[in-house]
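Here's a quick tour of some charged side-chain pairs, followed by a look at one helix. Have the model open as you read.

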Amino acid sequence: MTAPPTTTQTARRGATTAPPPATDRPRRPDAPHQAPAAARPARQDAAHGAPAAARQGDPDALTRGALTAGAPAAGFDDVPRVLERCRALVRPALEEAVGRLHPWVGEMAAYSFGWCEVGGAPALASGGKGVRQALAVLGAEAAGAPERAGVAAAVAVELVHTFSLLHDDIMDGDGDRRGRPTVWKAYGTGPAVLAGDALFALAVETLAREPGGAPSVRNLSVALGDLVRGQADDLLFADRPWTGPERVRPDEYRAMAEHKTGALLGCAAALGAVLGGAGPETVAALDRAGRHLGVAFQIVDDVLGIWGDPRVTGKPVHGDLRERKKTFPVLVALGSPMGGRIAGLLESGDAPETTAALIEEAGGRSAALAEARRHINAVETALADVPSTGRATDDLRSLLGYLVRREV
């Protein structure tokens, strides 16, 4: 835990300088806006699917079917154990890295991880599932290396992920994350930007300190470049029209999702393999798997954002339509003969129920689920190119499948 800040630093807290207006931004693994605990069902129920009666006539049944491809349902039972094992392995190294930061910056980092409150008092807030940490550890194990070989990669990717969330929250204007104020709300916009920059620099330093760390730094640099590219496209999409030659096409959205969401997931697994001594073919296969996972995750999230059960997703029904988000099902439907009518409803923000029905009638939902299924199958194809090392590969496959079944 970092030292409490000085009186001067304390005085700078509470500044809530307004960030730029929120835009239509996709969500990423570990980055949902959490519903109150009472509104969310137990994770175990969500992970294990619905009873047979619910699958018959359940509006989410098609979504659920799309997500079961790629891993046996029984394999998902072990995923919470895998995540906990990897978090426990990585946490000491992550704390040690954060402890090297300036005390005030370190406090903001600790706050973002859920380790402390404003002022440094210990906290019990959730710090997320640790998906990328687990991918890095499992990537090293899949390469035949001991689990500890992936720890530095796990730390670096977690630092980069948190850096991106700090900046995302500012750009989106989000005031809450995981049930408490975001860093920019708690400490101010400028300090939050500074903390994000520090985490990014610390991630690079963490990899550079490793023996033979140069290849891993290169891998991280490529992923970061893609993340920035995806972020830029995402911001620009918000200002493009719903219809006409300048509208956002589904293939553009797919590329944005791969860059913004998939690049860091692929990097996590690939970095673990690099530090575990894997060959270039294995590294590339794990990177492909993570990238396809990111696209599948995002498109499934888009489906849930329109048709998901609020009791499960923690978001209002048709929420993405009310927020006028340019999601994959919407973009597909806008390219149909019904696109003009749908665009008019989206522009006005009226009748989200009617808009959702028209998008489904235009094929937006079925096309989105087919696209998600295609990327899930591509994850499996990529993992087939990873030399089998028994349990590690099974755990990796189960984790990747679980991530896109997370809320149904």
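The notes below go through the salt bridges and then turn to a single helix.

Keep in mind that this is a predicted model. It holds 27 salt bridges, and three of the pairs are set out here.

| Pair | N to O distance | Relative accessibility |
|---|---|---|
| E84 and R87 | 2.7 Å | E84 42%, R87 27% |
| R254 and E371 | 2.5 Å | R254 22%, E371 9% |
| R291 and E258 | 3.1 Å | R291 11%, E258 29% |

**A pair within one helix**

Let's start with E84 and R87, whose side chains meet in a salt bridge. Why can these two find each other? Both sit in helix α5 (residues 79-98), and because they are 3 residues apart, about one helical turn separates them. An α-helix has 3.6 residues a turn, so residues three or four places apart point the same way. As for solvent, E84 is partly exposed, and R87 is partly exposed too, with a relative accessible area of 27%.

**Pairs between helices**

Next comes R254, which forms a salt bridge with E371. R254 belongs to helix α12 (residues 250-275) and E371 to helix α19 (residues 364-383), so this pair ties together parts that lie 117 residues apart in sequence. R254 counts as partly exposed, whereas E371 counts as buried.

Helix α12 also supplies E258, the partner of R291 in another salt bridge. Here R291 comes from helix α13 (residues 280-307), so the parts tied together are 33 residues apart in sequence. In this case the arginine, R291, is the buried partner at 11% relative accessibility, while E258 is partly exposed at 29%.

**A network**

Not every salt bridge needs to be read as an isolated pair: D78, R81, R391 and D395 are linked in a network of them. Side chains of opposite charge can pair when their charged atoms come close.

**Helix α11**

Now for a helix on its own terms. How far apart are the end C-alpha atoms of α11? They are 35 Å apart, which agrees with the 34 Å expected for the 24 residues of this helix (residues 214-237) at 1.5 Å a residue.

Which residues of α11 are buried? They include hydrophobic-looking names such as V217, L220, L224, L227 and F237, but also D226, Q231 and D234. The buried residues of α11 pack against α8 (151-172), α10 (189-208), α12 and α13. Two of those neighbours, α12 and α13, are the helices that carry E258 and R291.

Terms used: Residues are numbered from 1 along each chain as its sequence is written. This is a predicted model: local features need pLDDT of at least 70, side-chain atom pairs count only at pLDDT 80 or more; totals for chains, interfaces and linings use all residues. Side-chain values use heavy atoms; hydrogens and water are left out. A salt bridge is a side-chain nitrogen of Lys or Arg within 4 Å of a carboxyl oxygen of Asp or Glu. Helices (H or I, at least four residues) and strands (E, at least two) are DSSP runs, numbered from the N terminus. Buried means under 20% relative accessible area, exposed over 50%, partly exposed in between (1.4 Å probe, protein chains only). The expected span of a helix is 1.5 Å times one less than its number of residues. Contact means heavy atoms within 4.5 Å.
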